[in-house]
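Hello,

I am passing on the structure we talked about, so that you can open it and follow along. Please have a look at it before you read my notes.

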Amino acid sequence: MRQSLIVSLLALLSLGAGSARAEDALRDQAKTLFEPIPKSAPALPDNPATPEKLALGKMLYFEPRLSESRSFACATCHNLSMGGVDGGALSAGNAQLAGREVQTVLNAVFNKSQYWDGRASDLKDQVVNSVMANPKAMLKTRGGPMAINPTELAATKQHEIEQLKLIPGYADAFRKAFPADADPLVYDNIGRAIAVFEATLITPDAPFDRWLTGDDAALDDTQKAGLKLFIDKGCASCHNGVNVGGASYAKFGVVANPGPEYLPAEDAGRYAVTKANADRYVFKVPSLRNVELTAPYFHTGSTFDLKKAVSVMADAQLGAKLSDDETTKIAAFLKTLTGKQPEIVLPILPPRDR
C-alpha cells in the first residue's frame, strides 16, 4: 500500500511537471508573437509631449465646439467609458451614418495606421484627416472625424479656428502648448495636441500581459487553452504584436466570403484609398485589445456576439470550422486582453466671452 501511494505521488509530480513544461512552452511561443502593452505612453515622432500640450489636447478631445452643430466631440464616438467606442452598430454624426463601425482610440498609438482602410498614417493625421481634403470624396469614402468630413464633425477647417478664437482661454492654451510658434492657433496644432492626449490612452496590465511576463495564475486553464487554439488555428498570423492586430492589412474573405451582412459589396475597403485592385475588400487588421468592450464587431458592426465574430473570422479567413467548445475557449482568451482602463478627469472647457 505504501509503495502504491509513492507511485501515485510520483505520477502526480510527473503530471505537474509536464503541465508546467507545457505552460512554459506555450509562453515561449506566445512571446515570439505578442508583446505586453507598456506601462507608459510612447513618444510621438516630431511631436514631443509637454504638460501644456497634453492639457490642451485633453480639452480639445472633449470639445464639442469643434463641430458645426457644437454637439459632437472626439469623445462622442470615442467614449472612454465604453472602451473608446460608441457602442452602436455604426458611428453617427450630424444625424448621418458614417458608414463603418468606429474603431477604438484605446491603444491606437500602437497601430500601423488609423481607420479601417488605413488612410491616416498616425494619430495626428487621423485627427486632421489630411489624406483626403475633398469633402465630397470624404463622404463617398466614409471619412474621418474632423471638419472635412461632412458625415461627422462637418465644419470647415477655418470655421474650427474661428470657433476657437472666440474662446479667449484657448488662445492662451495654444500659446503655452506651442510657445515657439508665432501663430500657434492653427489647424495642424489641433491635431498635434489631440494626438499627444490620445497617445496616453493605453491599457496596460491586462491578464494576458501579466501571464506573458510570468504570472502563471493570471490566466485560467480555459483561457490558456483558448490562447493555444488562437495560435494553432492561425488567428495569430494576423492578430499579433503589442496590439494583437493593427499592424497589417488583410483581405476580408481570404477563404470564403462571409456574406453581405459582414462584407457589403459596395464597401471595397482599402481600394478606395489606393485604387489598386489588389486592395479590394482589404482592411486593416483590427486590434483585439479590450475586444470584449468594443462590440459590435467588424467594419459593419454586424454582431455583438464575440463568439460569433470568432466563428465568422475562422471560417472566412482560415477555412476553419470551429466547434462551440473551441469558440468558447478562444473568446475566453480574448477577454484576457482587457487592460487597465484610462482614468480621466474631465477637463474644464474655457467659456466664450462673446
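Below is what I found in it, going from the whole chain to single residues.

Please keep in mind that this is a predicted model. The chain has 354 residues, and 51% of them count as buried. Its secondary structure adds up to 13 helices and 4 strands. If you take the contacts with a separation of 6 or more, 68% of them are between residues 24 or more positions apart. The accessible surface is about 16400 Å², and carbon and sulfur atoms make up 57% of that.

Next, two pairs of helices. Two packed helices are described by the angle between their axes and the distance between the axes.

For the first pair, find helix α2 (residues 51–61) and helix α7 (residues 168–177), whose axes come within 8 Å and cross at roughly 140°. Are they parallel, antiparallel, perpendicular or oblique to each other? An angle has to be over 145 degrees to count as roughly antiparallel, so α2 and α7 are oblique to each other. The crossing of α2 past α7 is left-handed. On the α2 side, the residues that take part are Glu 52, Lys 53, Leu 56, Met 59 and Leu 60, and they meet Tyr 170, Ala 173, Phe 174, Lys 176 and Ala 177 of α7. Sorted by type, the residues of this contact are 7 nonpolar and 3 charged, with no polar ones.

The second pair is helix α10 (residues 221–232) with helix α13 (residues 324–334); here the axes come within 7 Å and cross at roughly 100°. That angle makes α10 roughly perpendicular to α13. Among the α10 residues in the contact are Leu 227 and Phe 230, while the α13 residues include Ile 330 and Phe 333. This contact divides into 8 nonpolar, 3 polar and 2 charged residues.

Finally, a few spots in the backbone. Where is there a cis peptide bond? One joins Ala 295 and Pro 296, with omega at about 5°. Pro 296 lies in the loop between β4 (282–284) and α12 (306–318).

Asp 46 is not a glycine, yet its phi is positive, near 60°. You will find Asp 46 in the loop between α1 (2–31) and α2. Its relative accessibility is 78%, so Asp 46 counts as exposed. Lys 275 also has a positive phi near 60°, and its place is in the loop between α11 (271–274) and β4. With 54% relative accessibility, Lys 275 counts as exposed.

Enjoy exploring!

Best wishes

Technical notes:
Residues numbered from 1 in each chain as written. Predicted model: local features only at pLDDT ≥ 70, side-chain atom pairs only at ≥ 80, totals over all residues. Heavy atoms only, no water. Helix = DSSP H or I, 4+ residues; strand = E, 2+ residues; numbered from the N terminus. Buried < 20%, exposed > 50% of the residue type's maximum accessible area, 1.4 Å probe, protein only. Contact = heavy atoms within 4.5 Å. Areas by Shrake-Rupley, 256 points an atom, 1.4 Å probe, with all protein chains shown as cover. Axes fitted to C-alpha atoms, helices over the stretch in contact; angles between N-to-C directions. Parallel < 35°, antiparallel > 145°, perpendicular 65-115°, else oblique. Left-handed = near helix turned anticlockwise from the far one by under 90°. Nonpolar A, V, L, I, M, F, W, Y, C, P; charged D, E, K, R; others polar.
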